[in-house]
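Visitor: I would like to go through this model with you, beginning with the ligand site and then moving on to the strands and a helix. Could you take the questions one at a time?

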Amino acid sequence: MYTAEFDYKKVSSVADALAALKAHPDAKLLAGGHSLIPTMKLRLASPSALIDVSSIPGLKGIRLEGDVIVIGAMTTHRDIEHSSLLKDKCPILPEQAALIGDPMVRNKGTIGGSLAHADPAADYPASMLALGAKMKIESSSGARVVTADDFFVGMFQTAVAEGEMLTEIHIPANTKSSAYEKFAHPASRYAIVGVAVVKHADGTTRAALTGAGASAVRLPKLEAGSISSLVSAADLLSDNFASAEYRAHLVDVMAKKALARV
Amino acid sequence: MADKVPITLTVNGTKHSVHVEPRTLLVQFLREHLSLTGTHVGCDTSQCGACTVHLDGMAVKSCTMFAVQADGSSVTTIEGIGEIGHLHPLQQGFWEMHGLQCGFCTPGMIMSAADLLQHNAKPSEAEIRHALEGNFCRCTGYHNIVRAVQHASGQIQNQAQAADD
Ligand SMILES: Cc1cc2nc3c(=O)[nH]c(=O)nc-3n(C[C@H](O)[C@H](O)[C@H](O)COP(=O)(O)OP(=O)(O)OC[C@H]3O[C@@H](n4cnc5c(N)ncnc54)[C@H](O)[C@@H]3O)c2cc1C
Ligand code: FES
Ligand code: FES
């Protein structure tokens, strides 16, 4: 399948990426391409230009800065899956990364691309909410930091506005224990329901849900100690694979499985 | 037409400097520009893995990237890993263990399995099945594909021995 025509530009700095975005308002950033290219092949997206940000030095890699883990937006799922820093300080991310799609998807796809795309069935949004992560968003007028709670706005919608780009994910290195339970679509491996639970060093527990609704959300009932009827079917998606009622039931099941492991 | 872009990439050890339209998929470049038709297109929707090649040593779906993204990289296709008389251990394994029927999925299976064996020389059956999750086969039922990978990794010898297991 051919995509529509587009101009291609590979950039090597965030400043160049932002300048190119300004010059081509209907351009799109290209990271791993594993959401964008399938969408372009179906002609659901036909950007006039692609700005390839996948090899900007400095946007790839995972490091510890004091008690904050900084993950560059162009870090691949594969690098997250195998990171010893994350396995030690934030094990829910390698656990999730290993469940994304298949090895070839993980070799190309990036955490920044996944978060910016905000597919309702993506895995990381649940852990971002449960970890209390923050996203660094840059534009030609400067940088701002948004909490995960404010980042996921709706289906395929985030706080990243036109002309902006997600550059880093900041995660407090305070996980005491964590678990992610996913009921995967048997063909695509995307989440039909995914529940993330993180116990933090300060004694608080945060939990979040992905896959079931239009976007990832916190699970306040679970955080308050309840383990049944965590969400209402009226708030969930329904399709030929899973009805809203079935998804609501699965949320309770996945939550119990996750709680048993934290 | 969008401007063609100059790219340089190495495919199976041979360097190519060409101009391509940005929307040319890597798999189209390999099959239609270089006539390397061993890499197959099964679904064209990123699901089946028939188009798997190595990009700088890593398995990727060549239907889900543009040739321009491979600029400066080294690509290996099924044509680049062995030849008649000197088969790659995985090619030999598929031969010995009857790991294919129609053969359509086989190039992708071999390239994915080759990525696995690079960092896990003796994978368990579960690890092999997990690593091949992105490769669909509509003929074999996967059983002999797993045995082919076990054969290539020196864990079983031949069909007679496998039958005794
Ligand atoms: C077969 C298959 C199975 C999959 N299974 C799963 C799964 O089980 N779980 C899961 O979570 N995901 C799954 N995915 C999606 C995969 O994780 C993608 O890699 C990811 O969603 C997108 O990341 P990317 O780097 O490929 O982004 P791209 O596709 O390059 O970009 C996605 C979108 O984000 C924008 N964008 C990219 N980078 C930035 C940035 N830095 N700032 C702002 N905007 C940006 C792009 O313009 C585009 O609109 C699957 C994909 C495939 C093909
Ligand atoms: S043809 Fe590329 S994944 Fe099926
Ligand atoms: S041998 Fe026919 S698809 Fe696998």
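Guide: A polar contact here is a pair of N or O atoms within 3.5 Å. Please keep in mind throughout that this is a predicted model.

Visitor: Which residue has a side-chain N or O atom 3.0 Å from a nitrogen atom of ligand 1?
Guide: The cut-off for a polar contact is 3.5 Å between N or O atoms. A pair at 3.0 Å meets that cut-off, and the protein partner of this nitrogen atom of ligand 1 is the side chain of A:Tyr190.

Visitor: How much of the area that ligand 1 exposes when taken alone does the protein bury?
Guide: Taken alone, ligand 1 exposes 980 Å². Set against that area, the part buried by the protein is 95%.

Visitor: Which elements of chain A give two or more residues to the shell around ligand 1, and which one gives the largest share?
Guide: The elements that give two or more residues are β2 (28–30), α7 (111–117) and β10 (165–172) of chain A. The largest share amounts to four residues, and the element that supplies them is α7(A).

Visitor: What distance separates an oxygen atom of ligand 1 from a polar side-chain atom of A:Ser35?
Guide: Two contacts to oxygen of ligand 1 can be described together, one from backbone and one from a side chain. For A:Gly32 a backbone N or O atom lies 2.8 Å from an oxygen atom of the ligand. For A:Ser35 a polar side-chain atom is involved, and its distance from an oxygen atom of ligand 1 is 2.8 Å.

Visitor: Why is the site of ligand 1 described as shared, and between which chains?
Guide: There are 31 residues around ligand 1, and among those that come nearest are A:Leu29, A:His34 and A:Asp123. By class, the shell has 13 nonpolar, 13 polar and five charged residues. The site is shared because the residues that surround ligand 1 come from chains A and B.

Visitor: How far apart are the C-alpha centres of domain 1 and domain 2 of chain A?
Guide: The domain assignment of chain A gives domain 1 (1–55) and domain 2 (176–261), and the shell around ligand 1 draws at least three residues from each of them. The C-alpha centres of these two domains lie apart by 33 Å.

Visitor: Which residue of β3(A) is the bridge partner of A:Leu30?
Guide: Strand β3 (residues 49–52) of chain A runs parallel to β1(A), with four bridges, and parallel to β2(A), with three bridges. On the β1(A) side, A:Lys9 is partnered with A:Ile51. A:Leu30 has as its bridge partner in β3(A) the residue A:Asp52.

Visitor: Along strand β1 of chain B, which residues point to the face where they are buried?
Guide: In a regular strand the side chains alternate between the two faces of the sheet. Along β1(B), B:Pro6, B:Thr8 and B:Thr10 point to one face and are not buried. The buried residues, which point to the other face, are B:Val5, B:Ile7, B:Leu9 and B:Val11.

Visitor: In β2(B), which residue stands opposite B:Ile7?
Guide: Seven bridges join β1(B) to β2(B), and these strands run antiparallel. In their hairpin, which has two residues between the strands, B:Asn12 takes a positive phi near 50°. Opposite B:Ile7 in β2(B) stands B:Val18.

Visitor: Which residue, with a positive phi, follows α8(A)?
Guide: Helix α8 (residues 124–131) of chain A is mostly covered, with eight of its eight residues buried. The residue that follows this helix has a phi near 70°, and it is A:Gly132.

Terms used. Residues are numbered from 1 along each chain as its sequence is written. Chains are lettered from A and ligands numbered from 1 in the order in which they are written. This is a predicted model: local features need pLDDT of at least 70, side-chain atom pairs count only at pLDDT 80 or more; totals for chains, interfaces and linings use all residues. Side-chain values use heavy atoms; hydrogens and water are left out. A residue is near a molecule or strand if one of its heavy atoms lies within 4 Å of it. A polar contact is a pair of N or O atoms within 3.5 Å; within protein, one must be able to donate a hydrogen and the other to accept it, and residues adjacent in sequence count only if both atoms are side-chain atoms. Accessible areas come from the Shrake-Rupley method with a 1.4 Å probe; for residues, only the protein chains shown count as cover. Ala, Val, Leu, Ile, Met, Phe, Trp, Tyr, Cys and Pro count as nonpolar, Asp, Glu, Lys and Arg as charged, and the others, Gly among them, as polar. Domain bounds come from an automatic or database domain assignment. Two strands pair if DSSP finds at least two bridges between them. Buried means under 20% relative accessible area, exposed over 50%, partly exposed in between (1.4 Å probe, protein chains only).
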